[in-house]
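Grab a pencil and work through these exercises with the model open beside you. Try each task yourself before you read its solution.

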Amino acid sequence: MATEHDYFGLVGEYWSEDVEYADQRVEVVLDTDDEHVATAALDAAATLVGELELVDDELRGVFIGQLDSSSSPVVRYLDRVLDPELEQADEIEAAIGRDSGDRQVDAVRSLSLVRVDLRPEADASGDAFAEFEYALAPDDTDERLVAVIDRERDVVDVRFDG
């Protein structure tokens, strides 16, 4: 017998919805192999969807904190997408909607949150409960910056997918 949830409805293998926030559309996906996911984990996932703006701000703060390390995934991502020789350089430059004088910070602040993958089965501390996928000019580039958080919203991993 499958689990039914107030927000997600009947929980099966896959649930997806576009959520609008901050003038953007974010694809939110609930992906589970288990029809008997704990209600508390589903409640936490639903709360996360309702607080996307807050979590997004927290993750951008983490990204900015990683700008000091040249080997961080955030810096590697920015080095790649901000390359003036890149074919999509004009589109990426147009996607940076801020000009504070610090190009990397402006780029982080201008990232689009493209997708959030929720994995309610991974509800222990340190498990990959949700993945937040970001991009500059997401329609024009394939490179993504991904932040993985656990159920307590602690960052488990940040990676550059490109």
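**Exercise 1. Decide whether Glu 20 is buried or exposed, then find its salt-bridge partner.**

Step 1: Start with the cut-offs: buried means under 20% relative accessible area, exposed means over 50%, and partly exposed is in between, using a 1.4 Å probe and protein chains only. Glu 20 has a relative accessibility of 58%, so it counts as exposed.

Step 2: Next, what makes a salt bridge? You need a side-chain nitrogen of Lys or Arg within 4 Å of a carboxyl oxygen of Asp or Glu. Glu 20 has such a bridge with Arg 25, where the closest N and O atoms are 2.5 Å apart.

Before you go on, a word on what you're looking at: this is a predicted model, where local features need pLDDT of at least 70 and side-chain atom pairs count only at pLDDT 80 or more, while totals for chains, interfaces and linings use all residues. Residues are numbered from 1 along each chain as its sequence is written, and side-chain values use heavy atoms, with hydrogens and water left out.

**Exercise 2. Work out which parts of the chain the salt bridge between Glu 27 and Arg 115 ties together.**

Step 1: Check the distance. The side chains of Glu 27 and Arg 115 meet at 3.2 Å, N to O.

Step 2: Place both residues. Glu 27 lies in strand S4 (residues 24–31) and Arg 115 in strand S5, so this pair ties together parts that are 88 residues apart in sequence. Strands (E, at least two residues) and helices (H or I, at least four) are DSSP runs, numbered from the N terminus.

Step 3: Look at the surroundings. Glu 27 is partly exposed, with a relative accessible area of 25%.

**Exercise 3. Do the same for Arg 103 and Glu 93, then count the salt bridges.**

Step 1: The side chains of Arg 103 and Glu 93 form a salt bridge at 2.4 Å, N to O. This pair links distant parts of the chain, 10 residues apart: Arg 103 is in helix H5 (residues 103–110) and Glu 93 in helix H4 (residues 89–95).

Step 2: Arg 103, at 39% relative accessibility, counts as partly exposed. Glu 93 is partly exposed too, at 40%.

Step 3: The count comes to 12 salt bridges. There's also a network of them, linking Arg 119, Glu 131, Arg 159 and Asp 161.

**Exercise 4. Put the strands of the sheet in order and find its edges.**

Step 1: Recall the background: strands of a sheet pair through backbone hydrogen bonds, either parallel or antiparallel. For counting, two strands pair if DSSP finds at least two bridges between them.

Step 2: Here 6 strands form an open sheet, in the order S3-S4-S5-S6-S7-S8, with mixed pairing. Strand S3 (14–21) and strand S8 (155–161) stand at the edges with a single partner strand each, so one side of each has no neighbour in the sheet.

Step 3: Neighbouring strands are turned by 20 degrees against each other on average, direction ignored. Axes here are lines fitted to C-alpha atoms, for helices over the stretch in contact, and angles run from 0 to 180 degrees between N-to-C directions.

**Exercise 5. Trace the partners of strand S6.**

Step 1: S5 (residues 112–118) and S6 run antiparallel, joined by 6 bridges. Arg 115 has Glu 133 as its bridge partner in S6, and Leu 118 stands opposite Ala 130.

Step 2: S6 also pairs with S7 (residues 144–149), again antiparallel, over 5 bridges. In S7, Glu 133 has Val 146 as its bridge partner.

Step 3: How covered is S6 (residues 130–135)? Mostly: 5 of its 6 residues are buried.

**Exercise 6. Sort out the aromatic pairs.**

Step 1: Rings of Phe, Tyr and Trp (its six-membered ring) pair if their centres lie within 6.5 Å; planes under 30 degrees apart count as stacked, over 60 as edge-to-face and the rest as tilted. The structure holds 5 such pairs.

Step 2: Tyr 7 and Phe 8 are edge-to-face, with 4.9 Å centre to centre and 85 degrees between the planes. Tyr 7 is partly exposed at 35%, whereas Phe 8 is buried at 4%.

Step 3: Phe 63 and Tyr 134 also pair edge-to-face, at 5.2 Å and 85 degrees. Phe 63 sits in helix H2 (residues 52–65) and Tyr 134 in strand S6, 71 residues apart, and both are buried.
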